[in-house]
Amino acid sequence: MSEVIASPVFSGQPRSLSSRGTVVLEAIKHAILTGALPPGRQLVETELAQQLGVSKTPVREALKTLAGAGLVTMSEYKGATVRTVDDALMEWVYDLRLLLEPEALTRTVERGADLSPAAEALGRADAAADRADRSLANRDFHRALYAGCGNPLLVSTLDSLRDQTALISAAAWSRVPTWEEEAAEHREILAAAQEGTAAEAAGLLRAHVCRFVERVRESGGL
C-alpha cells in the first residue's frame, strides 16, 4: 500500500508515493527552500519521520544526500541542521559559477546542443506557486544551458552547486523579490543562445550572475 505525506511543515496536497526515498528527499528539500524549515533549524529524524509518515531510514538517507548537496550541515554534537546562508557562501558559490558557467554555455551553443529544456524551465518558473518551485525551475534553466557543453566533469562540477544556488536565491528573494528582473535576463540569455551567438550569450550570462550578487549586496546582504 502506498504511503501519504502531509503535515503542517510539509504542506500541500497529500501525494501517493511510488518511491519513498525520493519523495522524502524532495519534501524536505522543498521545505528548506520555502523557509518552512529555516536556516539553523535542527532536523530531528524522529520528528521528520513522524511528520512525513515514514520510518527514520528514508529520512536519514535524505539528510545525508542533502548534506552532500550543501543544504544541510551535519555535526557530531548538534546532529543535522539546515545550512545557514550568508554572504560568504554566496560569494564562494557565485564566484565559481562565474568562472565555469559562461564557458560551459559557450561550448553548449557552439556544439548546437538542444536548448528546449531551458525554454521549458522558464515556463515553469513563470508559473511557480512559491519561491522554492521558482528557484528549482531557475536551477533547471541554468543546467539546461551548460548540460550540452560536452564535458561531463564540467557538468558534474556545476551540478554540485545547483542546490546551494537554489538555497541562496530563495533566501535572497525572501528579502528582495527580484525574480521578474532575473526572468527577463534569462529570456535574453536564451534568445542569444538559440540564435547561436555564443559570445553574446556567455556575456549576458556573466552579467546576470554578477547582477544577482550586486542586488543582494545593495539590499544589505543575506
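Strands β4 and β5 form a hairpin, with three residues between them. That hairpin is a good place to start exploring this model, which is predicted. From there we can look at the sheet around the hairpin, then at two pairs of aromatic rings, and then at some of the 18 salt bridges that the structure holds.

**The sheet**

- The hairpin belongs to an open sheet of three strands, arranged in the order β3-β5-β4 with antiparallel pairing.
- β3 and β4 are found at the edges with a single partner strand each, so one side of each has no neighbour in the sheet.
- Strand β4 covers residues 72-75, and four bridges join this strand to β5.
- If you would like to trace these bridges yourself, V72 has V82 of β5 as its bridge partner, and T73 is partnered by T81 in β5.
- On the other side of the pairing pattern, strand β3 (residues 42-43) meets strand β5 (residues 79-82) over two bridges, again in the antiparallel sense.

**A closer look at Q42**

- Q42 is a residue of strand β3, and T81 in β5 stands opposite Q42.
- Is Q42 buried, exposed or partly exposed? Its relative accessible area is 45%, so Q42 is partly exposed.
- For a sense of scale, try finding Q42 and T157 in the structure: they are 115 residues apart along the chain, and their C-alpha atoms are separated by 28 Å.

**Aromatic pairs**

- How many aromatic pairs does a search of the whole structure find? The search finds two.
- One of them is made by Y94 and F212, whose ring centres are 4.9 Å apart and whose planes meet at 10 degrees, so the pair is stacked.
- Y94 sits in helix α4 (residues 87-110) and F212 in helix α10 (residues 198-218), so this pair ties together parts that are 118 residues apart in sequence.
- Both Y94 and F212 are buried.
- The rings of W173 and W179 have planes at 80 degrees and centres 5.9 Å apart, so this pair is edge-to-face.
- W173 is buried, with a relative accessible area of 3%, whereas W179 is partly exposed at 27% relative accessibility.
- A handy way to read such pairs is that two aromatic rings are described by the distance of their centres and the angle of their planes.

**Charges over rings**

- R97 lies over the face of Y94, at 4.9 Å from the ring centre.
- W179 also has a charged residue over its face: R134, at 4.0 Å from the ring centre.

**A buried charge without a salt bridge**

- E182 is located in helix α9 (residues 179-194).
- Which side chain of opposite charge is nearest to E182? That side chain is R215, 4.1 Å away.
- A salt bridge needs the nitrogen and the oxygen to be within 4 Å, and E182, although buried, has no salt bridge.
- The side chain of E182 does make a polar contact with the side chain of T178, at 2.6 Å.

**Salt bridges**

- R60 and E45 form a salt bridge, in which the closest N and O atoms are 3.2 Å apart.
- This pair links distant parts of the chain, with R60 in helix α3 (residues 56-68) and E45 in helix α2 (residues 45-52), 15 residues apart.
- Both ends count as partly exposed: R60 has a relative accessible area of 30%, and E45 is at 22% relative accessibility.
- R211 and E185 also meet through their side chains in a salt bridge, at 2.9 Å from N to O.
- Here R211 lies in helix α10 and E185 in helix α9, so the pair ties together parts 26 residues apart in sequence.
- Of these two partners, R211 is partly exposed, with a relative accessible area of 32%, while E185 is buried, at 8%.
- Salt bridges that share partners also build one network, joining E26, K29, E120, R124, R139, D140, R143, D159, R162 and D163.
- Within the structure, D140 forms a salt bridge with R139, where the closest N and O atoms are 3.8 Å apart.
- D140 is partly exposed at 24% relative accessibility, whereas R139 is buried, with a relative accessible area of 17%.

Note on methods:
Residues numbered from 1 in each chain as written. Predicted model: local features only at pLDDT ≥ 70, side-chain atom pairs only at ≥ 80, totals over all residues. Heavy atoms only, no water. Pairing = 2+ DSSP bridges. Phe/Tyr/Trp six-rings, centres within 6.5 Å; stacked < 30°, edge-to-face > 60°. Buried < 20%, exposed > 50% of the residue type's maximum accessible area, 1.4 Å probe, protein only. Lys NZ or Arg CZ within 6 Å of the ring centre and 35° of its normal. Lys, Arg positive; Asp, Glu negative; His and termini not counted. Polar contact = N/O pair within 3.5 Å; in protein donor to acceptor, adjacent residues only side chain to side chain.
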